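Trainee: Please take a close look with me at one part of this model, the surroundings of the ligand. Then show me how that part connects to the rest. Go step by step.

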Amino acid sequence: MNTQDRKFKRTFIWTGLGLVGLFILIQLIPVTHDNPTVTQEIQWNSSETRALAQDACFDCHSNETVWPWYSYVAPVSWRVAGHVHEGRQRLNFSEWDQPNENAHEIIEAITSGEMPLRDYLLMHPEAQLTDEGTQVLAAGLEQTLAADPPIERQGRPRRD
Ligand code: HEC
């Protein structure tokens, strides 16, 4: 092996070790995997609507998140936890005693295909709504929201 090769090999090994060290270090940054108490779940119009929402939306829009193993491995954990906490802030079916102001965007979020998030569907292909599922969920949510609309905000600071 000539000097160049040896230098290359050494750089390669140290870079690898550096990356492994960095990977181990970032695991020490705390990430919250919480499921706060369900204070008041929305009154679903049917168990079918609930089941569809549970499959497609609950992981980010309820306090019943199923945290997968990769949500414990940084840096993926940061992204997953970010989505869950941001998702809950916008809309939380488990805290219907809070003003869920973004609820009026629900139908559009589903029919436009914006929700469930693309990232999520990569890891949860079963959460992909079929055309029929989209229609049934949208219609069910429309009825659900008509009967149990989000409460009015009362001079509290906006949460989003
Ligand atoms: C992987 C997590 C995740 C899933 C699953 C998910 N959402 Fe979201 N949702 C978010 C995040 C994050 C935001 C806020 C940022 C944004 O809009 O992209 C959001 C925002 C929203 C909003 C507020 C309007 C808006 O566009 O910002 C609505 C309404 C919504 N989601 C509905 C749903 C519905 C209904 C489902 C199920 C069909 C669903 N979401 C599934 C993460 C998720």
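Mentor: Start with the helices around the ligand. Helix 3 (58-61), helix 4 (76-90) and helix 5 (106-111) each supply at least two residues of the shell around it. Helix 4 gives the most, with four residues. Keep in mind that this is a predicted model.

Now the residues themselves. The ligand has 20 residues around it, and C57, C60, G87, M115 and Y120 come nearest. Sort the shell by class. Eleven of its residues are nonpolar, four are polar and five are charged.

Two of those names lead onward. Take C57 first. C57 is among the residues nearest the ligand. C57 is also one of the residues with the most contacts inside the largest nonpolar core. That core has 18 residues. The others with the most contacts inside it are L52, A53, A56, I106, I110 and L137. Helix 2 (47-56), helix 4, helix 5 and helix 7 (131-147) each supply at least two core residues. Helix 2 provides the largest share, three residues. Compare the two lists of helices. Helix 4 and helix 5 are in the list for the shell, and both are in the list for the core. As a general rule, nonpolar side chains tend to be buried together in soluble globular proteins.

Next, M115. M115 is another of the residues nearest the ligand. I110, a core residue, is in contact with M115. Setting aside neighbours within four places in sequence, I110 also contacts T134, L137 and A138. Look at the backbone after M115, too. The peptide bond from M115 to P116 is cis, with omega near -5 degrees. Most peptide bonds are trans. P116 sits in the loop between helix 5 and helix 6.

Follow P116 to L121. Beyond four places in sequence, L121 touches P116, A127 and Q128. L121 lies in helix 6 (residues 118-123). Is L121 buried, exposed or partly exposed? L121 has 15 C-beta neighbours inside 10 Å, so it counts as partly exposed. Being buried would take 20 or more.

A127 takes us to helix 2, where D55 is placed. D55 touches E126 and A127, again leaving out residues up to four places away in sequence. D55 counts as partly exposed because 17 other C-beta atoms lie within 10 Å. From D55 to P99 the C-alpha distance is 23 Å, over 44 residues along the chain.

Now step to the loop between helix 3 and helix 4. P75 lies there, and so does S71. A cis peptide bond joins A74 and P75, with omega about 5 degrees. S71 has 20 C-beta neighbours inside 10 Å, so it counts as buried. Apart from residues within four places in sequence, S71 is in contact with H33, S77, V80 and A81. S71 and V31 are 40 residues apart in sequence, yet their C-alpha atoms are 8.9 Å apart.

Finally, set this part in the whole chain. The domain assignment gives domain 1 (1-30) and domain 2 (47-147). Taken over C-alpha atoms, their centres are 40 Å apart. Helix 1 covers residues 3-26. Helix 1 is hardly covered, and zero of its 24 residues are buried. Why does its length make sense? At 1.5 Å a residue, helix 1 should span 34 Å, and its end C-alpha atoms are 34 Å apart, so the two values agree.

T3 shows the exposed side of the story. T3 is found in helix 1. T3 has 7 C-beta neighbours inside 10 Å, so it counts as exposed. T3 and D59 are 56 residues apart along the chain, and 54 Å separate their C-alpha atoms. I29 gives another distance to check. I29 and L121 are 92 residues apart in sequence and 26 Å apart, C-alpha to C-alpha.

Go back to the ligand once more. Find C57 and M115 among its nearest residues. Then trace C57 into the nonpolar core, and M115 to I110.

Notes:
Residues are numbered from 1 along each chain as its sequence is written. This is a predicted model: local features need pLDDT of at least 70, side-chain atom pairs count only at pLDDT 80 or more; totals for chains, interfaces and linings use all residues. Domain bounds come from an automatic or database domain assignment. A residue is near a molecule or strand if its C-beta atom, placed from the backbone, lies within 6 Å of it. Ala, Val, Leu, Ile, Met, Phe, Trp, Tyr, Cys and Pro count as nonpolar, Asp, Glu, Lys and Arg as charged, and the others, Gly among them, as polar. A nonpolar core is a set of buried Ala, Val, Leu, Ile, Met, Phe, Trp, Tyr and Cys residues joined through C-beta atoms within 7 Å. A residue is buried if 20 or more other C-beta atoms lie within 10 Å of its own, exposed if 12 or fewer, and partly exposed in between; C-beta atoms are placed from the backbone. Two residues are in contact if their C-beta atoms, placed from the backbone, lie within 7 Å. The expected span of a helix is 1.5 Å times one less than its number of residues.
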